[in-house]
Amino acid sequence: MAALKLCYSSTLLSCTSSRKLAFSHPLAVTSSISSAFSVLRPLSLLNLSGYHKSSSSSLRTVCECTSVAGETGVPENYGDTEGEDPGGFRDEFDDVDYSIDVEALEEEAKDVLREYSSSLSRELRLDDELNDQSETGRKKNKRKTTPRNIPDHLLPKVAIVGRPNVGKSALFNRLVGGNRAIVVDEPGVTRDRLYGRSFWGDNEFMVVDTGGVLSVSKTQNDVMEELAISTTIGMDGIPLASREAAVARMPSMIERQATAAVEESSVVIFLVDGQAGLTAADEEIADWLRRNYSDKYIVLAVNKCESPRKGMMQASEFWSLGFTPLPVSALSGTGTGELLDLVCSGLQKVEGLEDLHEEEDYIPAIAIVGRPNVGKSSILNALVGEDRTIVSPISGTTRDAIDTEFTGQDGQKFRLIDTAGIRKRATVASSGSLTESLSVNRAFRAIRRSDVVALVIEAMACITEQDYKIAERIEKEGKGCLIVVNKWDTIPNKNQQTTMYYEQDVREKLRSLDWAPIVYSTAITGHSVDKIITAASVVEKERSRRLTTSILNQVVQEALAFKSPPRTRGGKRGRVYYCTQAAIRPPTFVFFVNDAKLFPETYRRYMEKQLRTDAGFPGTPIRLLWRSRKKMEKNEGKATTKAQTNPTQRDREVSFARKWASRQVLFAMDGNCGYIWMDVN
């Protein structure tokens, strides 16, 4: 704009210096002025603080005077909310300066984001795995001397095997750090293979935790015959005899996972219990290792030897197994240094890293969650193309959170996380099972450390309250989500409208995830499981997308023009000064407004809906944070207050011009209107 042209009477000139306005009639605000000043909304004043720096020596804003309706100068439609004041900027004329410092607001947005993140973390109250790692400092020091960005499949593997309840999971946690594996004083807790990185000196390797081995003397054909599971449709439709047969097959299925871990490892830690002494199962496992895996480097570790003096006596009993026993304690860490020295002596250096391109540290993680027996493990096995986890109609088969690296058809890498079934908290508490409680906790941790969550529901089963609670948790954690309707082949008499009706039912019952895409699949046959990865890839890209500030403010302006914030009983209305995207994963937007309390929850949901309609973001939650102007002014400090105590004449004029121009007003007095030109340079 070139100049500021306001309509005043001659009396107004004398009042300008004292900044007091005295006139006989109320403010006359016309619709034509509102339209003429529509570009002067606070969202469009991003460069207002520098508009006097134009090449013109005298910038003048012209405001044409139009006819005023009524004797008092107030238009007939003044005060109407329909069709005018689209941004809700016409309010009581308080002394608020609308000049905007973009850099200051961007820094303020970061502070708002940090405050929100800390409050959300306190509310969730979940133990992060990083807090449980007691040797974080040691691991950081080791990383400086180890190769970086080595994929998991290129690292040598070390398997921990032994009979049940000898402390394999405790030793696994000791070697990798943290509480990755569930440790409970009862046999048969660990079932699937659990992988974790470990460091020692210049060596980096993968440690594999396995379940307890009992019947390794059986032939491979017998084991494969016992593992022939024909259905995973759930426990309800399975006869009692079939359930008992599935329970009987469980030990051999666990042992098959242990066998696969030994075959892919170059070093095997054979763990025995020093307090229980030598057992027949230990001798059977030793014979099995010597007979089938003589090419492996085997280390015999005698666990539960906390006392060094008694440990040598306890370990001497195991010389008959044909290996050199080493007393260790997974609980206290005694002897683990000597154990790692022996393990590293049997590892081969990873070669060919010169041709390995530098890879990004960020690999999207996809957590597969849901209620028990909905087919989560079947989906994981169908995606990776192998029996990575145990699939059984027994409820609660999966216990640990199983991480598996997966590469899609387009070369994109993902980390798939299979989790235990999540039942109601009251049901878990009433069962009295510590193992199930820890399994559910691992499942919630998997949601926290994932990027995209695949919520699996069974096609024939109704959506329950537990599904709704899991959906709420996913949205609260800010994770991308897709809904997987598994066992779609069990729906009888499907037609073209079946999918539409089913999606409508899902949207109605899972309203917190109305933005999540839906994928229909049958994991047991592999039908449409590839669509899960495709949808997850799209969701992750949307979750990492960032809008430019100009586009974002344009979307917000259109939303405000279509529907302005509601007025309070006192006539106040919310105003938006500035909006910026403060973060991604999930997309987080900060709105700087005059008062956040003037924006009710219904209007905030409307703004979120408009953002999704105009900007997209399917499959990911978005956060809208509202920052009040009062808090912004309170945090400015004493420096701003001191600067405003003695303003110069030019500062008064510029502030006066911004203030009254932004309010889109026109003054009339005694019916005599004249033009006043103000030089703002």
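Which residues are buried in α15? In this predicted model, the buried positions of that helix are Q466, D467, I470, A471, R473, I474 and E477. Seen down the axis of α15, these buried residues fall within an arc of 160°, and they therefore line one face of the helix. The helix itself covers residues 465-477, and its length can be checked against expectation: at 1.5 Å a residue, its 13 residues should span 18 Å, which agrees with the 18 Å that separate its end C-alpha atoms. Just after α15, G478 takes a positive phi of about 75°.

The surroundings of the helix come next. The buried residues of α15 pack against two helices and four strands by name, namely α3 (102-124), α14 (434-448), β9 (365-370), β12 (452-458), β13 (480-486) and β17 (623-628). With respect to the strands, α15 lies across β9, β12 and β13, and it runs at about 170° to β12.

Those three strands belong to an open sheet of six strands, in the order β10-β11-β9-β12-β13-β14, whose pairing is mixed. Its edge strands are β10 (402-407) and β14 (518-520), each of which pairs on one side only. From one strand to the next, the twist of the sheet averages 25°. At the β14 edge, β13 and β14 pair in the parallel sense over three bridges, and V485 has Y520 in β14 as its bridge partner.

The aromatic residues offer a second route into the structure. A search of the whole structure finds 10 aromatic pairs. One of them is formed by F591 and W626, which are stacked, with 4.5 Å centre to centre and 20° between the planes. This pair links distant parts of the chain, since F591 sits in strand β16 (residues 588-593) and W626 in strand β17, 35 residues apart. Both partners can be placed by accessibility: F591 counts as buried because its relative accessibility is 0%, and W626 likewise counts as buried, at 11% relative accessibility, the cut-off for buried being under 20%. Ring pairs extend this arrangement, linking F591, F599, Y603, Y606 and W626 into a cluster. Strand β17, which holds W626, is also among the elements against which the buried residues of α15 pack.

Some backbone details deserve separate attention. Most residues other than glycine have a negative phi, and most peptide bonds are trans. The peptide bond from R585 to P586, however, is cis, with omega near 0°, and P586 lies in the loop between β15 (576-583) and β16. K304, in the loop between β7 (297-303) and α10 (308-316), has a positive phi near 65° although K304 is a residue other than glycine. Its relative accessible area of 21% makes K304 partly exposed. N493 also has a positive phi, of about 55°, and is not a glycine; this residue is found in the loop between β13 and α16 (496-509), and at 74% relative accessibility N493 counts as exposed.

Finally, the chain can be viewed as a whole. It has 22 helices and 18 strands, and buried residues make up 50% of its 681 residues. Among contacts in the chain between residues at least 6 apart in sequence, 77% join residues at least 24 apart; the pair of F591 and W626, 35 residues apart, is one link between distant parts of the chain.

Methods:
Residues numbered from 1 in each chain as written. Predicted model: local features only at pLDDT ≥ 70, side-chain atom pairs only at ≥ 80, totals over all residues. Heavy atoms only, no water. Expected span 1.5 Å × (residues − 1). Buried < 20%, exposed > 50% of the residue type's maximum accessible area, 1.4 Å probe, protein only. Arc of directions from axis to C-beta. Contact = heavy atoms within 4.5 Å. Pairing = 2+ DSSP bridges. Axes fitted to C-alpha atoms, helices over the stretch in contact; angles between N-to-C directions. Phe/Tyr/Trp six-rings, centres within 6.5 Å; stacked < 30°, edge-to-face > 60°.
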